[in-house]
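User: Please take a close look at the salt bridges for me, and then at the sheet, one strand at a time. I have the model open and would like to follow along.

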Amino acid sequence: MTIPQQPDHTGGGPQASAQHEQGQQPAQQEGLDLSAVRGHGTSAGSTPSSAEQSSETPGPNQVEVPALAFEVNEQTFESAARLSMELPVVLVLYSGQQPDSQQILPVLQKIVEDQAGRAVLGLVDVATSPAIQQAFQVQALPTVVAVIKGQPVPLFQGVQPEAQIRQLFDQIAQAAAQAGLHKTAWVKGTQAQEGPRHPEALEALEAGDLDRAEQAYKDALAESPADAEAKAGIARVGLLRRTRDKDLAAVRQAAADNPTSVDAAIDCADLDVAGGHVEDAFTRLITLIGTTAGDDREKLRLHLLDLFDAVGAEDARVVKARGRLMRALF
């Protein structure tokens with residue numbers, strides 16, 4: 001069974017927008033919900049999928065797993081391989097120090113949760129499990145491999161659009177069924193969470209202590225690299241820190257006076273996102289990416305990815321902007 005890597009066939013370029021500098025008021029848009037940062041929100045990942053709904057024992061076509069996404073290391077790899085004899089195990093080999101790895105982990109976790117137990121996700125940190133990296137002959141990170149009945153099936157390397165990854169997971173499910181695997185994952189004792197996650201971070205934010213909040217989110221992310229809410233929390237704390245003392249009128253004027261200034265564009269994009277004009281912010285940076293190169297382009301790209309995290313990977317505006325960013329870059 002072969003599942004080919006899904007190539008990116010996007011092309012073209014972004015459309016420019018300069019409503020603010022021309023004195024026009026932008027159209028009303030849905031704002032960025034910072035309630036999760038300030039202590040009143042929950043993430044999309046906080047509600048368990050149907051595969052995780054609690055019951056006392058698994059059904060006849062269910063396999064008990066510790067979670068839908070769990071760490072796999074050199075000591076637990078054989079257990080993951082045995083699990084693949086009953087349902088597909090998708091392994092992501094990553095480095096916690098690499099931006100692409102940090103970007104893909106929450107996307108994979110969300111997809112696995114949406115799969116209703118048809119597959120599980122094994123997180124392999126190559127820094128602590130180099131033997132697994134060597135066994136799969138991995139040359140680039142992140143690398144995603146499905147294991148079905150003990151047989152590895154290479155899927156892709158690097159960052160891919162979420163829609164294409166979902167297509168691959170559908171193919172994995174089809175291949176598993178053809179191989180005679182019809183069971184789904186079952187997580188014991190999982191209940192829908194009540195109240196906000198990361199209470200220490202939220203308490204710090206309520207007290208206005210951004211440093212302590214950021215560290216709490218970083219600690220949570222270090223413990224669980226696939227924690228999408230912690231990653232979003234870090235990005236949102238950064239956004240709050242960058243915008244809380246900025247003068248809106250001065251920032252807009254600087255962007256209007258210096259339309260090719262990377263720093264001015266970044267400042268204005270931050271305030272746009274914080275003020276709810278998310279698409280304006282994305283358009284501003286993507287347009288400038290299309291006209292810059294070298295360090296300036298990379299600075300804009302990385303800042304845009306940080307704003308994607310702050311808004312949320314599953315947000316429709318982010319999904320659309322990711323496609324535009326790829327076209328601007330390639």
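Analyst: **Salt bridges and sheet, up close**

The structure holds 17 salt bridges, each one a Lys or Arg side-chain nitrogen within 4 Å of an Asp or Glu carboxyl oxygen. Please keep in mind that this is a predicted model, with pLDDT of at least 70 needed for local features and 80 or more for side-chain atom pairs, while totals for chains, interfaces and linings use all residues. Numbering starts from 1 along each chain as its sequence is written, and side-chain values use heavy atoms, without hydrogens or water.

Let's start with K110 and E162, whose side chains meet in a salt bridge at 3.9 Å, N to O. This pair links distant parts of the chain, since K110 sits in helix α3 and E162 in helix α5, 52 residues apart. (Helices are DSSP runs of H or I with at least four residues, strands are runs of E with at least two, and both are numbered from the N terminus.) E162 is buried, at a relative accessible area of 19%, while K110 is partly exposed, at 24%. Here buried is under 20%, exposed over 50%, and partly exposed in between, with a 1.4 Å probe and protein chains only. If you look around this pair, you will find D114 and R166 as well: K110, D114, E162 and R166 are linked in a network of salt bridges.

Next, turn to helix α12, which holds both R301 and E298, three residues apart, or about one turn of the helix. They form a salt bridge whose closest N and O atoms are 2.8 Å apart. R301 is buried, with a relative accessible area of 19%, whereas its partner E298 is partly exposed, with 33%.

A further pair to find is R212 with D209, where the closest N and O atoms of the salt bridge are 3.5 Å apart. Both partners count as partly exposed: R212 has 32% relative accessibility and D209 has 31%.

Now for the sheet. It is open, has five strands in the order β2-β4-β3-β5-β6, and its pairing is mixed. Two strands pair if DSSP finds at least two bridges between them. At the edges lie β2 (69-71) and β6 (151-157), each pairing on one side only.

A good place to begin is strand β3 (residues 89-94), which runs parallel to β4 (residues 120-125) and is joined to that strand by six bridges. β3 also runs antiparallel to β5, with five bridges between those two. L91 lets you see both pairings: this residue stands opposite G122 in β4 and opposite V145 in β5.

From there, move on to β5 (residues 143-148). Six of its six residues are buried, so this strand is largely enclosed by the rest of the structure. That holds for both faces of β5, with T143, V145 and V147 buried on one side and V144, A146 and I148 buried on the other.

β5 then leads to β6, an antiparallel neighbour joined to it by six bridges. In this pairing, V144 stands opposite F156 in β6. The hairpin of β5 and β6 has two residues between the strands, and in it K149 takes a positive phi near 55°.
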